[in-house]
Amino acid sequence: MTDPDPLGLWRRLADASVLLDGFHAVKHAVRFGADVPVAVAVDRRAALALAGELAPDVRATLETLLTEVPEATYASLVPRPHPTAVAALAVRPAREANLRALARTPRTAPVVVLDDPRNLGNAGAVIRLAAGFGATGVVTTGTLDPWHPTVVRGGAGLHFATAVERLTADELPAGPMFALDPEGEDIRGVKLPDDAVLAFGSERSGLSGALRARADQLLALPMRPQVSSYNLATSVAMTLYHWSATGGATRV
Ligand SMILES: C[S@@+](CC[C@H](N)C(=O)[O-])C[C@H]1O[C@@H](n2cnc3c(N)ncnc32)[C@H](O)[C@@H]1O
């Protein structure tokens, strides 16, 4: 089934919706329960064949959703055409629902906090990691919008698999906070609890005073003395892996 006026629907919804750019973003969003009112493909048959091959669980949904549009039309809907030439719009989850998910206790998986992150690609990569490890959510402080289209692109549609919100330092979820900093205690000797709040500093200036003050413990990732620091997203990857390898993430 195709929408009689997908372009009209798209243009009406675009400003208030989350753009899912490319087959994998659409697949992940559908798989994790996003409300997707409109989806387009330049080659509908090819997109459904890809779904049959890579994501049979979402094929039937995509068959209902996908409308074929000319290439020029597709290109007019997205800022940067994707090689799969598939795109969709999704409804952004309600902030209240995400706040409830972040506040729910007992928590069975950590919340990742990015303290004033600056790089949109890093934020997207972190959301993808959080989704992969089954983290409760990703919270950012500062000015970066974690739902910015570039972050959503970097997150491969996985914003719908974890709770993503921007909060102030005063509003962070409860729970023991472990803040990652090269000056901290070696993480290898510490078991991270499932209700941990894992905080990471800004690419530019590291952890803010507010987050340092709130932290229960500073933890360091192993690193040779001559190296100043790791990239933000790789630091989150190592820390979530450490949580999973020391007993967390039983559902992964
Ligand atoms: C690119 S680093 C920040 C570098 C920054 N110039 C500074 O002064 O700290 C971004 C964040 O990754 C984490 N990080 C990077 N390397 C780390 C390490 N060896 N141990 C613990 N955390 C680390 C910290 O949370 C850090 O604030």
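**Exercise 1. Determine how many helices and strands the protein chain contains, and assess its overall dimensions.**

Solution. In this predicted model, the secondary structure of the protein chain amounts to 10 helices and 10 strands. The next step is to compare the radius of gyration with the globule rule: the value is 20 Å, close to the 18 Å given by the rule for 252 residues, so the chain is as compact as a globular protein of that length. Along its principal axes, the C-alpha trace spans about 60 × 40 × 35 Å. Burial is the following step: of the 252 residues in the chain, 42% are buried. Lastly, consider contacts between residues at least 6 apart in sequence; 80% of these join residues at least 24 apart.

**Exercise 2. State which residues the UniProt domain feature covers, and describe that stretch of the chain.**

Solution. According to UniProt, in an unreviewed entry, the feature "domain: tRNA/rRNA methyltransferase SpoU type" is placed at residues 111-241. Over residues 111-241, the chain is 27% helix and 23% strand. The end C-alpha atoms of this stretch are 14 Å apart.

**Exercise 3. Examine helix α7: establish its span, its burial and its packing partners.**

Solution. Begin with the span. Helix α7 comprises residues 120-133, 14 residues in total. From the first C-alpha to the last it reaches 20 Å, close to the 20 Å expected at 1.5 Å a residue.

Proceed to burial. The helix is mostly covered, as 11 of its 14 residues are buried. The buried residues of α7 include Asn122 and Arg128, along with Ala123, Val126, Ile127, Leu129 and Phe133.

Then identify the partners. The buried residues of α7 pack against the strands β5 (111-114), β6 (137-140) and β7 (163-166), and against the helices α8 (149-154) and α10 (232-245). Just after α7, Gly134 adopts a positive phi of about 70°.

**Exercise 4. Decide whether Val113 and Thr140 are buried or exposed, and trace their contacts.**

Solution. Take Val113 first. Its place is in strand β5. A residue counts as buried when 20 or more other C-beta atoms lie within 10 Å of its own. Val113 has 28 other C-beta atoms within 10 Å, and is therefore buried. Not counting residues up to four places away in sequence, Val113 touches Val139, Leu172, Val197, Leu198, Ala199 and Phe200.

Thr140 lies in strand β6. With 23 C-beta neighbours inside 10 Å, Thr140 is likewise classed as buried. Leaving aside neighbours within four places in sequence, Thr140 is in contact with Leu114, Pro117, Ala123, Pro146 and Arg166.

Finally, relate distance along the chain to distance in space. Thr140 and Val113 are 27 residues apart along the chain, and their C-alpha atoms are separated by 5.7 Å. Val113 and Gly52 are 61 residues apart along the chain, and their C-alpha atoms are separated by 36 Å.

**Exercise 5. Locate Pro106, Asp116 and Ala156, and describe the backbone at each.**

Solution. Pro106 is found in the loop between α6 (95-103) and β5. The peptide bond from Thr105 to Pro106 is cis, with omega near -5°.

Asp116 occupies the loop between β5 and α7. Its phi is near 55°, a positive value in a residue other than glycine. Asp116 has 20 other C-beta atoms within 10 Å, so it is buried.

Ala156 lies in the loop between α8 and β7. Phi of Ala156 is also positive, near 55°, again in a residue other than glycine. With 21 C-beta neighbours inside 10 Å, Ala156 counts as buried.

**Exercise 6. Characterise the shell around the ligand: how many residues surround it, and what are their classes?**

Solution. The count comes first: 17 residues surround the ligand. The closest are Leu180, Gly201, Gly206, Leu221 and Ser235. Next, sort the shell by class, which yields 9 nonpolar, 6 polar and 2 charged residues. Then assign the shell to structural elements. β8 (177-186) and α10 each supply at least two of its residues. The largest share, 3 residues, comes from β8. Helix α10 thus appears in two of the solutions: as a contributor to this shell and as a packing partner of the buried residues of α7.

Technical notes:
Residues numbered from 1 in each chain as written. Predicted model: local features only at pLDDT ≥ 70, side-chain atom pairs only at ≥ 80, totals over all residues. Helix = DSSP H or I, 4+ residues; strand = E, 2+ residues; numbered from the N terminus. Expected span 1.5 Å × (residues − 1). Buried ≥ 20, exposed ≤ 12 C-beta atoms within 10 Å, placed from the backbone. Contact = placed C-beta atoms within 7 Å. Near = placed C-beta within 6 Å. Nonpolar A, V, L, I, M, F, W, Y, C, P; charged D, E, K, R; others polar. Rg over C-alpha atoms; globule rule 2.2 N^0.38 Å. UniProt positions renumbered as here; feature names shortened; annotations may be inferred.
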